[in-house]
Amino acid sequence: MSSSDSEDPQECPQCVEDAPIDLPAYETWLQCDVCEEWYHGICVGISASECERIDKFHCKKCVATHGP
């Protein structure tokens, strides 16, 4: 469910919506199980250790129709 990006940090949909933040070079990513968009864990308020324990992730636009 999680992935690390060793290239230059990229913006996720949440970064674009909110003010961009400084990201570590190896940021953890989560993919929404509904829309399949990728998000930085830090942008959606989920730590790297929490990402490892998540079975399903729904982004804030999908959580309304598909639940948490």
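This is a stop-by-stop tour of a predicted model, with a residue or element to select at each stop.

**Stop 1: the whole chain**

Show the full chain as a cartoon. Three helices and three strands should appear. From the start of the sequence to its end, they follow the pattern β-α-β-β-α-α. The chain has 68 residues, and 29% of them are buried. Switch to a surface view: about 4,500 Å² is exposed, and carbon and sulfur atoms supply 47% of that area. Among contacts with a separation of 6 or more, 48% join residues 24 or more positions apart.

**Stop 2: confidence**

Colour the chain by pLDDT. The mean for the chain is 79, and 71% of the residues reach 70 or more. Now select residues 1-6, where pLDDT stays under 50. The model has 25 contacts for this stretch beyond four places in sequence. Where pLDDT is low, the predicted coordinates should not be read in detail.

**Stop 3: the nonpolar core**

Select Cys12, Cys15, Trp29, Leu30, Cys32, Tyr39, Cys43, Ile46, Cys51, Phe57, Cys59 and Cys62, and show their side chains. These twelve residues form the largest nonpolar core. Several of the next stops are members of this set.

**Stop 4: cysteine 15**

Select helix α1, residues 13-17, and pick out cysteine 15 within it. Is cysteine 15 buried or exposed? Its relative accessibility is 4%, so cysteine 15 counts as buried. Next, draw a distance from its C-alpha to that of tyrosine 39: the two are 8.4 Å apart in space, with their positions 24 residues apart in sequence.

**Stop 5: tyrosine 39 and phenylalanine 57**

Keep tyrosine 39 selected and add phenylalanine 57. The structure holds one aromatic pair. The ring centres of tyrosine 39 and phenylalanine 57 are 6.0 Å apart and the ring planes stand at 65°, so the pair is edge-to-face. It links distant parts of the chain, since tyrosine 39 is in strand β3 (residues 38-40) and phenylalanine 57 is in the loop between α2 (48-51) and α3 (60-66), 18 residues apart. Both partners are covered: tyrosine 39 counts as buried at 5% relative accessibility, and phenylalanine 57 counts as buried at 7%.

**Stop 6: tryptophan 38**

Stay in strand β3 and select tryptophan 38. With a relative accessible area of 34%, tryptophan 38 is partly exposed. Add glutamate 11, which is 27 residues away along the chain; the C-alpha atoms of the two are separated by 9.6 Å.

**Stop 7: glutamate 36**

Step back to the loop between β2 (28-31) and β3, and select glutamate 36. Most residues other than glycine have a negative phi, and most peptide bonds are trans. Glutamate 36 is not a glycine, yet its phi is positive, at about 65°. This residue counts as exposed, with 54% relative accessibility.

**Stop 8: cysteine 59**

Select cysteine 59 and show what surrounds it. Which residues does cysteine 59 contact, leaving aside neighbours within four places in sequence? They are Cys32, Cys35 and Tyr39. Cysteine 59 is buried, with a relative accessible area of 1%.

**Stop 9: cysteine 62**

Move to helix α3 and select cysteine 62. Its relative accessible area is 7%, so cysteine 62 is buried. Beyond four places in sequence, cysteine 62 touches Cys32, Val34, Cys35 and Gly67. Draw a C-alpha distance to cysteine 35: the two residues are 27 apart in sequence and 7.2 Å apart in space.

**Stop 10: the cysteine sulfurs**

Select cysteine 35, which is partly exposed with a relative accessible area of 28%. A disulfide is a covalent bond between the sulfur atoms of two cysteines. For a pair to be counted here, the sulfur atoms must lie within 2.5 Å. How many disulfides does the count give? The count comes to zero.

Two distances show why. From the sulfur of cysteine 35, the closest cysteine sulfur is in cysteine 32, at 3.7 Å, which is too far for a bond. From the sulfur of cysteine 59, the closest cysteine sulfur is in cysteine 62, also at 3.7 Å and also too far for a bond.

Technical notes:
Residues are numbered from 1 along each chain as its sequence is written. This is a predicted model: local features need pLDDT of at least 70, side-chain atom pairs count only at pLDDT 80 or more; totals for chains, interfaces and linings use all residues. Side-chain values use heavy atoms; hydrogens and water are left out. Helices (H or I, at least four residues) and strands (E, at least two) are DSSP runs, numbered from the N terminus. Buried means under 20% relative accessible area, exposed over 50%, partly exposed in between (1.4 Å probe, protein chains only). A nonpolar core is a set of buried Ala, Val, Leu, Ile, Met, Phe, Trp, Tyr and Cys residues joined through side-chain atoms within 4.5 Å. Contact means heavy atoms within 4.5 Å. Accessible areas come from the Shrake-Rupley method with a 1.4 Å probe; for residues, only the protein chains shown count as cover. pLDDT is the predictor's confidence in each residue, from 0 to 100. Rings of Phe, Tyr and Trp (its six-membered ring) pair if their centres lie within 6.5 Å; planes under 30 degrees apart count as stacked, over 60 as edge-to-face and the rest as tilted.
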